[in-house]
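Reader: I should be grateful for a close look at a single part of this structure, described in connected prose.

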Amino acid sequence: MRIAVLGAGVCGLTAGHRLARAGHAVDVYERWPGLGGQAATMDVGDGHRLERYYHHLFTSDTHIAALFAELGMPDALEWRPSSVAFFARGALHPFVTPLDLLRFKPLSPLARVRMGAAALALQRFAADRAPYERITARAWIERRMGRQAWEAVWGPLLRGKFGERADDIAMVWLWSKLRLRRSVKGEDVRQERLGYPRESWEALFAALVRSIEGAGGRVLTDRPAARVERERAGFVVHPAAPGSFRAGHDPRRFAADGAGERYDRVLATLPNDVFEQVLDPALAAEVGEAYLARMRGIEYFAALCLLLEIDRRFSPYYWTNVADRTLPFVGLIEHTNFVEPERYGGRRFLYVANYLPHGHELLGLDAAALLARYDAGLRAVNPAFSPAWVKHAWRFSEPAAQPIVTVGYGDRIPPLRTPVPGLVLANTTQVYPEDRGTNYAVRLGDEAASALLAHVDEI
Ligand SMILES: Cc1cc2nc3c(=O)[nH]c(=O)nc-3n(C[C@H](O)[C@H](O)[C@H](O)COP(=O)(O)OP(=O)(O)OC[C@H]3O[C@@H](n4cnc5c(N)ncnc54)[C@H](O)[C@@H]3O)c2cc1C
């Protein structure tokens, strides 16, 4: 079977590895001149690689840990202590150990106890997710933990993921987070540990490519799919010219390059809008309005990330949730408070994180303009900060970064198998109710490969 996989992110590479190892001839097409999609890395100089967007794993991320082991790299993942803080009311408040909750000043003592008790009850007794699918996190938190808990803790946490749509997020998303974190045991009770691959995420991508190529497949970077059309029982993928990524994300703007290639099956790991744009009109008609409408019904927020190389430490924490709405960003992730600077020849890196609706004016700024815009906010968190600390600044944005998981989301997810036999879609909108992440991209890649092969068996 000739199979085209569109997208060389974690999902596409995992599915490609499964399909190639199952004996199929796999070609992976990727728009970007590198691997990894949202988890892609870059060379920050001196041969050191760092993700464009901050990345870590939780101890509950078992699918990706199993994939590292399967690829012969069981020791590639390192588990390191994490440190978390909230910036609220002009100060940083540690939120590392359970005791920190009892000392957490932005909440009254009574509110701290109420919040702790409600979280514990949910972790212990709320096995059925259904009730949490029908209510927003805000409504549930305000009812069970109180208004203060929403304003000081959960609102800012959700804003760190969903920006201004935090108020609309379904409780099931938080339910899943709290229940998964329950697996934290032993020494992790005192201080959570997070995972990071010794050689960055790039080592995983390289191992997946080796597996695909070793089984006779191809991974074609800087080679996007411009158009997919039907041909009898199969498909034709029309690739676009190298450098097309400069024209943006919409494949209709890419110039087709050379003859199309014929495939028996196609697995697209593209965001919903790009998937629709890549379909030739006749194929889109075959996919049908009902499926396309489901895809269009899901909203994405964009990620905007400013990565700064700084000449000294910015804060004592790895992860700072910004619970002050007057600041123009939602999180500060000081990577070198998690992985020691010695790994990077003594260099230090800080990510300034944002999630924004499409069209937001901050998305139009370059790195220098963004730093100028963030300067006052950074000084609010650390009054000593000066732009003179910044040695390099890189700016990245990802339009399909975060699907907005509102009430009833589970009923709106497009299934992996489209109505067209042999055409499967697998992307972050189908990760539910867990928080999308590389672990679930691995799980989805496995499921998508199985769905494609089952689809095949039935045809
Ligand atoms: C700011 C941020 C922080 C994150 N932090 C974490 C974290 O700490 N831990 C964690 O586990 N996860 C994290 N994630 C999420 C994680 O990166 C994603 O869930 C995961 O990488 C998604 O993988 P995917 O393969 O499903 O999608 P993508 O990575 O989006 O892959 C889709 C691929 O398709 C390609 N493509 C697009 N158009 C075309 C075309 N026309 N032809 C061919 N290819 C095309 C894209 O370039 C891309 O490579 C974070 C994400 C962001 C944005």
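Author: The account below follows one strand and its partners, then a helix that packs against that strand, and closes with the ligand site and one loop residue.

The model is a predicted one. Strand β16 comprises residues 331-334, and both of its faces are covered. G331 and I333 lie on one side and are buried; L332 and E334, on the other side, are buried as well.

Strand β16 has two pairing partners to be described here. With strand β15 (residues 319-322), β16 pairs in the antiparallel sense over 3 bridges. Within this pairing, L332 of β16 is the bridge partner of T320. With strand β17 (residues 348-356), β16 is joined by 4 bridges, and these two strands also run antiparallel. Here I333 has Y351 of β17 as its bridge partner.

Helix α13 (residues 367-381) can be considered next. Its end C-alpha atoms are 20 Å apart. This agrees with expectation, because 15 residues at 1.5 Å a residue should span 21 Å. The helix nevertheless bends by about 45° at Y374. Y374 is itself one of the buried residues of α13, which also include A367, L370, L371, D375, G377, L378 and V381. An α-helix has 3.6 residues a turn, so residues three or four places apart point the same way. The buried residues of α13 pack against β16 and β17, and also against β6 (84-88), β7 (91-94), β14 (300-310) and β18 (390-403). Strand β16 is thus both a pairing partner of β17 and one of the strands against which α13 packs.

The ligand site may be described separately. The ligand is surrounded by 29 residues, and the closest are E30, Q38, H55, H56 and T438. A polar side-chain atom of E30 lies 2.5 Å from a ligand oxygen atom, and a polar side-chain atom of H55 lies 2.7 Å from an oxygen atom of the ligand. Y54 contributes through its backbone: an N or O atom there lies 3.0 Å from a nitrogen atom of the ligand.

Finally, Q430 is found in the loop between β19 (423-425) and α14 (438-458). Q430 counts as buried because its relative accessible area is 12%, under the 20% cut-off. The side chain of Q430 reaches the backbone nitrogen of N427 at 2.7 Å. Leaving aside residues up to four places away in sequence, Q430 touches Y291, I413, P414, P415, L416, L425 and L444.

Notes: Residues numbered from 1 in each chain as written. Predicted model: local features only at pLDDT ≥ 70, side-chain atom pairs only at ≥ 80, totals over all residues. Heavy atoms only, no water. Buried < 20%, exposed > 50% of the residue type's maximum accessible area, 1.4 Å probe, protein only. Pairing = 2+ DSSP bridges. Expected span 1.5 Å × (residues − 1). Bend = angle between axes of the 7 residues up to and from the residue. Contact = heavy atoms within 4.5 Å. Near = heavy atom within 4 Å. Polar contact = N/O pair within 3.5 Å; in protein donor to acceptor, adjacent residues only side chain to side chain.
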